[in-house]
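Could you walk me through this model in my viewer, one selection at a time? I am new to this, so please tell me what to click on and what I should find there.

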Amino acid sequence: MPIRQKIFALIAAIALCIFIVEMVRRKKLREEYSWLWLLTSFGVIVLAVWYDLLVFITEIIGATLPTTTLFVFALLFLLLIALHYSVKISSLTDQVRKLAQKIAILQSELDEQKEKSRNHESTK
Amino acid sequence: MKKAIIIIPAYNEEKNIADVINGIKNVIPDADILVINDGGEDQTEEIVRELGAHVISLPYNMGYGAALQTGFKFALKKGYEYAVQIDADGQHDPEDIPKLLDEVFNNRADVIIGSRFLGKGNYRASFIRKIGMLFFARLTSLIIGKKITDPTSGYQGINKHGLQFYAGDYYPVDFPDADVIIMLDRAGLKIKEIPVTMYPGVQGKSMHSGLKPVYYIFKMFLSIFVVLLRKAEI
């Protein structure tokens, strides 16, 4: 691997790492989501430093170029993240539905109570 | 008289809702009527209040199924043991409510479906829709081993067991359909169909009209398939 590529990959990965940790520190990103991203940047660092590993993986998956391996895994990773978000969104939607239903029911009961007490006052 | 509640999900139905509520009052003068205003922007809520029926307004448009489910949850919370769900667009003839209630009062089943195809045939739909409905009706009948003619019917009588099931997590937010009937059967609840009178939506669009047929067929196949994959005891 040319030294420029190596340096670029390392800088990008380390920057990503720092960025993620900072986001978690500032409570902008929840810990439960951060590990996936940290894992990625860690993977990039390992592959940049240990080029033979990349060549080895390339051979295992039957690709010709190490770059292909990188692209394949990058795509797979993005796919998994997207799927993870779909699952999360589904459960969030469900939670929002339950909340909205509960609020609507409570609101209607509250209105009814107010109505009752108002009628009570006026008959006094 | 046993305690029953009439649940009407409504989305922008200011033109029809008064007729539906008055129609119900003509049949059952002291009926407990609940309208779920599904995030609509028109006068539905005010009209319902004026007519003295109970109204729950959802904070945003949640869909037909989610609106209905809110009604079921409310019914259970208030201790109702029986409910009838009826559409707000005037499709369903309130005259049939006592028939539906009679069936659940006498425990003939947990969920009574008012079928437009068992009764006198004054319901009209497009040819393709009829084919689709017939196909899924047959498929449902085949799976649960009992003849069902109208799984899409939004006109139902429900007892406490049915309400509890409908208030659960498996009830769909969009349009309860054949998949729900199959779920009910697998959960061990009893289903029965009786003939009711149904008209094509009187004014405005019916709740089902926005559904794209291709998506509908895909969704039905998928949800029936996953229902069959789930364990029977939901």
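Start by selecting B:Ala66 and B:Thr70: in this predicted model, a polar atom of the B:Thr70 side chain sits 2.8 Å from the backbone oxygen of B:Ala66. Now show the cartoon, and you will find B:Thr70 in helix α3 of chain B.

Is B:Thr70 buried or exposed? B:Thr70 counts as buried because its relative accessible area is 0%, and the cut-off for buried is under 20%.

Next, display what surrounds this residue. Leaving aside residues up to four places away in sequence, B:Thr70 touches B:Ile36, B:Ile56 and B:Leu58 in its own chain, and A:Gln101 and A:Ile105 in the other.

Those last two lead us to the interface, so color the chains separately. Here 18 residues of chain B are in contact with 12 residues of chain A. Pick out B:Lys73, B:Lys77 and B:Asp169: together they supply 30% of the area that chain B buries against chain A, more than any other three residues. Between them, the two chains bury about 1,300 Å², with 55% of it on carbon and sulfur atoms.

Now for the charged partners. Select B:Lys78 and A:Glu112, whose side chains form a salt bridge at 4.0 Å, N to O. In total, six salt bridges are found across this interface.

Finally, highlight β3 (54-57) and α3 (64-77) of chain B; each supplies at least two residues of the side that touches chain A. The most comes from α3(B), with six residues. Color that side by class and you will see nine nonpolar, four polar and five charged residues.

Technical notes:
Residues numbered from 1 in each chain as written. Chains lettered and ligands numbered in written order. Predicted model: local features only at pLDDT ≥ 70, side-chain atom pairs only at ≥ 80, totals over all residues. Heavy atoms only, no water. Contact = heavy atoms within 4.5 Å. Buried area = accessible area lost by both parts, 1.4 Å probe. Helix = DSSP H or I, 4+ residues; strand = E, 2+ residues; numbered from the N terminus. Nonpolar A, V, L, I, M, F, W, Y, C, P; charged D, E, K, R; others polar. Buried < 20%, exposed > 50% of the residue type's maximum accessible area, 1.4 Å probe, protein only. Polar contact = N/O pair within 3.5 Å; in protein donor to acceptor, adjacent residues only side chain to side chain.
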